[in-house]
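Got your viewer open? Load the model and get ready to click through a few selections.

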Amino acid sequence: MRRFVIYLFTGLVALICGIAGYTISAHDLPFLGQAEARSDTMPTNPRIVYLSNKDNPPNTIIDTKFNEHEVAHVNSWQAARQAARERPLDALIIDATMLQARDDADTIWLRSQLDDGVTVVGIGVPDDELAAAIGVKTFQAPEETKRERGATGYRLVQAFILAEPEDLKILRDFGWIDVQISGSTQQPDSIKSPWRGSFSSAQGQLDTPEALTLFFQRLEERIKGAYEMRAEYQEQLKQKGTR
């Protein structure tokens, strides 16, 4: 009987560990809030991944700058997910070919990265395609002129909401990000707990050293902002007494 209990206990431990391992690998952390699942301290070298099936970026200027900023190059969605498992991403840069080659599972993962505060950049990707990929209606603000996207044209996006699960669902159902893009200040009425949200977008060309410098300045600002928002949200929760 004692031996049976020991075997039963061992089996339960293995089952629990297996479930925990699956949960973590699926990036679904039920015991942690969004802000708690990641550090609120920005690393010295943020994790930036470039997803492209080409050996090199569109031109040598981009190649040089990407190397300077230690951008990791991966050539498949599977490799991008593996890179994120090894170390959480701060930014994900995607070229047009790879965005078009994604499947449904890749789309779900891409949106989960955006939800995690990762800045997403499309290079050579039409705005409508990138918007559809990340689940927003349009990037076009009321006063914004639509631009054609060449091979080195980019759209940089950060759409980040930190909230308790029930409030996060309310904000998503409300379409908070689309409302922000439209220029409206409308907010849902039924939010119960502290929350923070940020949407920002920029576009330009990666065709000169000066343009690349501006691009990485913008990227660093968004990455820094995500860490600051996590820290501010954690402080809000502490003051509210919910953490």
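Here is a short tour, from the whole chain down to single residues and back out to the cores.

Start with the cartoon view, keeping in mind that this is a predicted model. You should find nine helices and six strands in the protein. Switch on the surface next: the accessible area comes to about 13,400 Å², and carbon and sulfur atoms hold 53% of that. Of the 243 residues, 41% are buried. If you draw the contacts with a separation of 6 or more, 75% of them join residues 24 or more positions apart.

Now select residues 91-95, which form strand β3, and zoom in on Asp 95 within that strand. Is Asp 95 buried or exposed? Its relative accessibility is 4%, so Asp 95 counts as buried, the cut-off being under 20%. Show its side chain: a polar atom there lies 2.9 Å from the backbone nitrogen of Met 98. Then look beyond the neighbours within four places in sequence, where Asp 95 is in contact with Tyr 50, Leu 51, Ser 52, Asn 53, Lys 54, Ile 123 and Val 125.

From that list, pick Leu 51. Its own contacts, again leaving out neighbours within four places, include Trp 77, Ala 80, Leu 92, Ile 94 and Met 98. Which residues touch the most other members of the largest nonpolar core? They are Leu 51, Leu 92, Ile 94 and Leu 110, in a core of 35 residues.

Last stop: apart from that core lies another, of 18 residues. To find this second core, select Ala 91, Tyr 154, Leu 206 and Phe 216, which are among its members.

Conventions:
Residues are numbered from 1 along each chain as its sequence is written. This is a predicted model: local features need pLDDT of at least 70, side-chain atom pairs count only at pLDDT 80 or more; totals for chains, interfaces and linings use all residues. Side-chain values use heavy atoms; hydrogens and water are left out. Helices (H or I, at least four residues) and strands (E, at least two) are DSSP runs, numbered from the N terminus. Buried means under 20% relative accessible area, exposed over 50%, partly exposed in between (1.4 Å probe, protein chains only). Contact means heavy atoms within 4.5 Å. Accessible areas come from the Shrake-Rupley method with a 1.4 Å probe; for residues, only the protein chains shown count as cover. A polar contact is a pair of N or O atoms within 3.5 Å; within protein, one must be able to donate a hydrogen and the other to accept it, and residues adjacent in sequence count only if both atoms are side-chain atoms. A nonpolar core is a set of buried Ala, Val, Leu, Ile, Met, Phe, Trp, Tyr and Cys residues joined through side-chain atoms within 4.5 Å.
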